[in-house]
Amino acid sequence: MPRLPQPASWVWTGAIALFGGVVLLISGLQIVRRRRRLLGIPTSAVRSLAVGPARVRGNIASTKMRTAPLSGSTCALYGMQIDELVLDGAIRGWRMIAFLGQWEGGSIADETGTVAFDPTEILVYARPTATVRTRLIGRTPSDTIDRIAQCVQRLAESGVEISDAVRDQMDQAQVVRLREYAIQAADAVDAVGVISLRAGGRRA
């Protein structure tokens, strides 16, 4: 006759399942709040943009191709969002540590013109092209640790500045997640970021 699980194991399994459900719920609420905040920024045509934070819908135009550090895919631009899982305090769920990337030589074009764009948050609706994260419970596989380390190294080698503060926060986080957004030339995007005329300017 098979040995039945001990009551203590039932409690532990139930606690893990409940905790996982709570984390997923909190993470979902954080995503909803973030999207609401992004959607609160009005979309502007390129011709009417001013310097500073803005939201633009258009197509990517890029004169340079590069390799995304997590998926290894060839793309025109890429963004890398680094998150940590927060389980206490006022904020519970995923919290962004940094949004890094390579978009030099890239711009966004709509029917009114083209603008150089420095995205602090990109692709409001799109899914990441690659995701990797450490574990909260149990040991994170060594290949996952290696993949994250290699990604960070590739970012640095490509000229993306990763501050000591970001590195320290990643080291101290209970769970860290990297999400890559690899953008192809001519892709349609809905992006929120910073307009800088010094970065290439706006042209009709």
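This tour goes through a predicted model one selection at a time, beginning with the whole chain and ending in the loops.

**The whole chain**

Start with the cartoon of the full protein, which has three helices and eleven strands. Traced from the N terminus, the order of elements is α-β-β-β-β-β-β-β-β-α-α-β-β-β. Of the 204 residues, 41% count as buried. If you display contacts between residues with a separation of 6 or more, 72% of them join residues 24 or more positions apart.

**L178 and the largest nonpolar core**

Next select L178, which is found in strand β9, residues 176-183. With a relative accessibility of 0%, L178 counts as buried, because buried means under 20%. Show the residues around it, leaving aside those within four places in sequence, and you will find L178 in contact with L70, M80, Q81, I82, A130, T131, V132, I148, C151 and M170. A distance drawn from the C-alpha of L178 to that of R133 reads 6.3 Å, although the two are 45 residues apart in sequence.

Now widen the selection to the largest nonpolar core, which has 22 residues, and in which I82, L155, M170 and L178 touch the most other members. At least two residues of this core come from each of β4 (77-86), β5 (93-102), β8 (130-133), α2 (142-157), α3 (164-172) and β9. The largest share, four residues, is supplied by α2.

Move from L178 to I82, another of the residues that touch the most other core members. Not counting residues up to four places away in sequence, I82 touches R95, M96, I97, A98, L100, V166, M170, V176, R177 and L178. Apart from this core lies another, of 15 residues, and you can locate this second core by selecting I60, A76, Y181 and A191, which are among its members.

**Helix α2, face by face**

Select α2 next and look along its length: its 16 residues reach 22 Å from the first C-alpha to the last, close to the 22 Å expected at 1.5 Å a residue. Colour its buried residues, which are T144, I148, C151, V152 and L155. Seen down the helix axis, the buried residues of α2 fall within an arc of 95°, so they line one face of the helix. A general point helps in reading this view: an α-helix has 3.6 residues a turn, so residues three or four places apart point the same way. The partners to display beside the buried residues of α2 are β4, β5, β8, α3 and β9, against which they pack. Turn to the other side of α2, and S142, D143 and E157 are exposed.

**The cysteines**

Are C75 and C151 buried or exposed? Each has a relative accessibility of 0%, and therefore C75 counts as buried, as does C151 in α2. The structure holds zero disulfides.

**Q102 and the residues after α2**

Select Q102, which is found in strand β5 and is buried, with a relative accessible area of 8%. A polar atom of the Q102 side chain lies 2.4 Å from the backbone oxygen of S158. Beyond its neighbours within four places in sequence, Q102 is in contact with R66, L77, Y78, S158, G159 and V160. Stop at G159 from that list, since this glycine follows α2 and has a positive phi, near 100°.

**T134, in the loop before α2**

Go next to the loop between β8 and α2, where T134 lies. T134 counts as buried, at 10% relative accessibility. What does the side chain of T134 reach at 2.9 Å? Its partner is the backbone nitrogen of V176. With residues up to four places away in sequence left out, T134 touches T140, I145, I148, Q174, V175 and V176; I148 also appears among the contacts of L178.

**A186, the last stop**

Finish in the loop between β9 and β10 (188-195), where A186 is found. In contrast to the buried residues visited above, A186 is exposed, with a relative accessible area of 53%. Inspect its backbone as well, for A186 has a positive phi of about 80° although it is not a glycine. As background to this last stop, most residues other than glycine have a negative phi.

Notes: Residues are numbered from 1 along each chain as its sequence is written. This is a predicted model: local features need pLDDT of at least 70, side-chain atom pairs count only at pLDDT 80 or more; totals for chains, interfaces and linings use all residues. Side-chain values use heavy atoms; hydrogens and water are left out. Buried means under 20% relative accessible area, exposed over 50%, partly exposed in between (1.4 Å probe, protein chains only). Contact means heavy atoms within 4.5 Å. A nonpolar core is a set of buried Ala, Val, Leu, Ile, Met, Phe, Trp, Tyr and Cys residues joined through side-chain atoms within 4.5 Å. The expected span of a helix is 1.5 Å times one less than its number of residues. The arc is that of the directions from the helix axis to the C-beta atoms. A disulfide is a pair of cysteine sulfur atoms within 2.5 Å. A polar contact is a pair of N or O atoms within 3.5 Å; within protein, one must be able to donate a hydrogen and the other to accept it, and residues adjacent in sequence count only if both atoms are side-chain atoms.
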